[in-house]
Amino acid sequence: MMVDQAGTAYDGVADARNEFARGWAAAIGARPDDLLDLTDRLHAAAVRDSSVQDVGRALVELGFASPATLEQTLTFVGEHLRTTRTDRLVAVLGGIAAGFSEALREKTLDQQERNRSAVVQTIRDTEAALRASEAKFRAVFRTSAVGIAVTGLDSEILDFNDALLTLLDYEPDELAGRDARDLMHPDDRHSVDEVAAVLASGARDHVRAERRMVRADGEVIDVVVAVSLVRDDSGAPAYHVAMVENLDEVRALQSQLLRQSLNDVQTGLANRVQFLGWLEGAVGSKGPGTLALVVFDIDGFRVVNDAFGHEVGNRVLTLVAGHLRSVFGTVGQLARIGPDEFGVLVRDPVDVASVVALVEEAVELLAEPVWVGEHGIGVTASVGIVVRAARGADASELMRCADVTLRWAKDDGKAQWALYDKARDDRDRRRLMLAASVSGGLEQGDFRVDYEPVRSLVDGSLVAVEARLGWDHPTEGYLDPASLASLSACTGMAARLGWFAVEQACRHAGDWYRRFGSAAPVLTMDLTARQCQEPELVAEVRRLLRDSGLPASMLRFELGERLPALINDDQAEELAILAEHGVRFVLDQVGGGNVPVDRLRRLPLHGVKFQGSPVRGLAEGANRVDESAAVALLTWARTLGIPLYAAGVRTEFEARRLRELGVTGAQGPLFGTALWSADEVAEVLGKA
């Protein structure tokens with residue numbers, strides 16, 4: 001899909017540039033290295049007004065001069081060139097086609113020139129050798145696909161080939177001896193004498209120009225005429241050789257190429273470029289009052305291709321196009337806008353319900369299987385629907401809304417439709433903007449590590465502090481760890497943020513240990529499955545401990561209850577190595593959920609922490625079922641012979657019950673709701 005870009009479509013990223021060139025090369029059968037420079041020119045033209053006719057010319061110069069090459073190029077560029085301006089995309093495609101056609105014509109004309117030179121040279125050689133090579137010249141002259149005429153200095157037609165007769169639709173006896181001027185359009189007849197004068201003067205060896213000629217039936221045709229003067233042995237002008245090609249055929253090819261550039265060859269539907277043109281027209285001042293933009297995405301289409309091959313995949317696409325055409329053909333404009341995406345534009349729909357009804361009808365049709373041998377292949381579609389006021393809207397924004405809505409349908413389980421919701425979109429955009437700026441926040445120093453105290457349930461002393469990473473956002477204020485977890489997951493920043501937190505917390509804890517010795521609290525913090533998958537986990541943790549001066553026994557990692565199922569044996573072994581060096585691990589049982597015993601055996605556990613229902617079940621006045629479950633769980637945990645901890649403790653009553661059941665350390669609102677900074681932790685330790 002098209003997305004907003006500040007620079008070129010790949011912003012200088014070599015991988016994206018190479019991927020575009022490889023895809024293009026695969027489409028036309030070229031080498032990717034030959035297309036790298038052309039790729040740069042295309043993406044430059046996508047964002048600023050620059051010509052790309054040289055790209056089309058370059059294809060011809062590289063030897064890719066067939067109509068199929070241009071068709072595949074226009075299709076690939078139309079689907080993969082990213083730009084926010086539809087007019088630029090249309091201009092780029094048109095420029096490629098124009099440059100290709102011009103180069104192809106020039107190549108043909110150059111070939112004519114070479115043929116003409118061969119003809120002239122053959123004539124000269126023939127005259128010099130007393131016509132010894134007349135047969136060779138005649139073979140070239142008669143069999144050429146280009147019309148050739150030999151005229152005297154007075155413009156009388158002396159000889160001609162069959163190609164010229166076919167072009168002008170004359171019989172041989174009608175053309176022989178005729179004045180060449182009579183074959184020209186009345187407005188162009190004077191040019192015959194002008195060309196003869198230029199050639200006779202010796203200023204030029206040949207003249208090439210576009211002119212109009214008149215066929216035997218009176219039809220006027222546009223032609224390219226290349227005229228050369230042949231001189232005798234003494235150098236005096238002897239006769240002219242003219243080569244004539246029909247320009248209408250070239251222009252017809254250009255028109256055909258333009259049609260192909262706006263339509264999808266596989267399905268016969270309009271393509272993305274034409275669809276965006278429709279959308280641009282719909283949002284103009286003369287467009288409809290409202291419009292419905294519907295985008296269908298075939299779920300799991302890659303599975304069909306991988307399982308049955310692309311030929312079957314193409315059959316499925318054709319069938320999908322037929323079903324959509326049967327539903328929307330009379331009410332909307334339909335196009336294939338991506339490899340497995342189709343778009344529908346409905347002008348002035350009756351209401352949202354009528355659009356939804358059409359979508360549901362189409363989805364039902366798509367569910368009908370396509371039989372390939374004994375296999376009945378059915379497809380489902382996720383659908384995004386946008387119904388908006390049309391006039392004055394922005395076409396790119398409408399497509400973005402449709403793409404977002406389609407993503408909602410896929411994220412919510414696929415095989416369903418979703419209706420655009422501006423409020424949800426605004427929330428998502430705000431969240432994604434925050435996610436995208438995490439890296440910048442790290443660089444600006446906006447992230448900090450604060451601490452939640454962990455108290456002994458025996459004497460209330462500070463036994464540990466749990467590190468909490470927060471973000472002091474310049475406009476959004478403080479973002480807590482829960483918010484950061486979802487944001488970092490969007491951008492792959494989770495590991496980087498996690499290690500930042502470990503490094504900062506180890507530095508703080510090392511400072512406390514140097515100042516307060518054994519009175520310093522144990523540092524406890526989360527270790528995620530993503531961090532456990534780091535190949536250098538052991539080396540990184542040992543480096544941070546060494547650099548900070550924190551003893552390994554003073555670091556305790558908390559492992560989420562789902563982590564045992566997410567790591568493999570090698571990663572569990574890494575944790576065991578850290579445990580051998582003194583690092584401690586606590587299993588964080590958020591809700592007392594079941595963790596397979598065989599998974600637990602792989603982990604070097606030194607404690608279990610409970611929060612959620614096991615703690616709430618011990619509250620004063622708690623449901624008896626919840627209470628008995630909590631008591632049973634904690635009683636069982638004591639049999640493990642390792643320390644037990646609790647989080648989210650709210651009242652003295654809960655703290656007492658937890659202590660009675662063997663819990664030694666706790667944290668939560670009972671011990672204060674505010675997080676401490678590193679300096680505040682040091683201040684508390686100094687007063688102890």
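Here is a short conversation about this predicted model, its domains, salt bridges and surface.

Visitor: What average pLDDT does the protein chain have?

Guide: Good place to start, since this is a predicted model. A score of at least 70 is reached by 92% of the residues. Over residues 1–11, though, pLDDT stays under 50, and the model has 24 contacts beyond four places in sequence for that stretch. The average for the protein chain is a pLDDT of 86.

Visitor: How far apart are the centres of domain 2 and domain 4?

Guide: The chain is divided into domain 1 (14–111), domain 2 (144–251), domain 3 (266–420) and domain 4 (444–687). Taking the centres over C-alpha atoms, domain 2 and domain 4 are separated by 93 Å.

Visitor: Which residue forms a salt bridge with Arg336?

Guide: The structure holds 41 salt bridges, so there is plenty to look at, and a general point helps: side chains of opposite charge can pair when their charged atoms come close. Arg336 sits in strand E7 (residues 333–338), while its partner is in the loop between helix H10 (247–261) and helix H11 (272–282), so the pair ties together parts 72 residues apart in sequence. Both residues are buried. The closest N and O atoms are 3.2 Å apart, and the partner is Asp264.

Visitor: Is Asp472, which pairs with Arg448, buried or partly exposed?

Guide: Asp472 and Arg448 form a salt bridge whose closest N and O atoms are 2.2 Å apart. The pair links strand E14 (residues 462–473), home of Asp472, to strand E13 (residues 447–456), home of Arg448, across 24 residues. Arg448 has a relative accessible area of 33% and is partly exposed. Asp472 has a relative accessible area of 33%, and buried would need under 20%, so Asp472 is partly exposed.

Visitor: Why are Glu660 and Arg656 separated by about one helical turn?

Guide: Their side chains meet in a salt bridge, with 3.0 Å from N to O. Glu660 is partly exposed at a relative accessible area of 47%, and Arg656 is partly exposed at 33%. The separation is about one helical turn because both lie in helix H27 (residues 652–660), and their spacing is 4 residues.

Visitor: Which residues are linked with Glu452 in a network of salt bridges?

Guide: In this network, salt bridges link several charged side chains. Besides Glu452, the members are Glu466, Arg468, Glu558, Asp588 and Lys609.

Visitor: Which residues join Trp417 in a nonpolar patch on the surface?

Guide: Trp417 is in strand E12 (residues 417–419). Patch residues need over 30% relative accessible area, and Trp417, at 33%, counts as partly exposed. Together the patch has about 220 Å² of accessible area, and the partners of Trp417 are Val352 and Leu419.

Visitor: Is Gln571 buried or exposed?

Guide: Gln571 lies in helix H23 (residues 569–580). Not counting residues up to four places away in sequence, Gln571 touches Cys532, Gln533 and Leu566. Its relative accessibility is 14%, and the limit for buried is under 20%, so Gln571 is buried.

Visitor: What distance separates the C-alpha atoms of Val458 and Thr664?

Guide: Val458 is found in the loop between E13 and E14, and Val458 is exposed, with a relative accessible area of 70%. Along the chain, Val458 and Thr664 are 206 residues apart. Their C-alpha atoms are separated by 6.9 Å.

Terms used:
Residues are numbered from 1 along each chain as its sequence is written. This is a predicted model: local features need pLDDT of at least 70, side-chain atom pairs count only at pLDDT 80 or more; totals for chains, interfaces and linings use all residues. Side-chain values use heavy atoms; hydrogens and water are left out. Domain bounds come from an automatic or database domain assignment. Patches are made of residues with over 30% relative accessible area and no salt bridge: like charges are joined within 9 Å, nonpolar side chains (Val, Leu, Ile, Met, Phe, Trp, Tyr) within 5 Å. Accessible areas come from the Shrake-Rupley method with a 1.4 Å probe; for residues, only the protein chains shown count as cover. A salt bridge is a side-chain nitrogen of Lys or Arg within 4 Å of a carboxyl oxygen of Asp or Glu. Helices (H or I, at least four residues) and strands (E, at least two) are DSSP runs, numbered from the N terminus. Buried means under 20% relative accessible area, exposed over 50%, partly exposed in between (1.4 Å probe, protein chains only). pLDDT is the predictor's confidence in each residue, from 0 to 100. Contact means heavy atoms within 4.5 Å.
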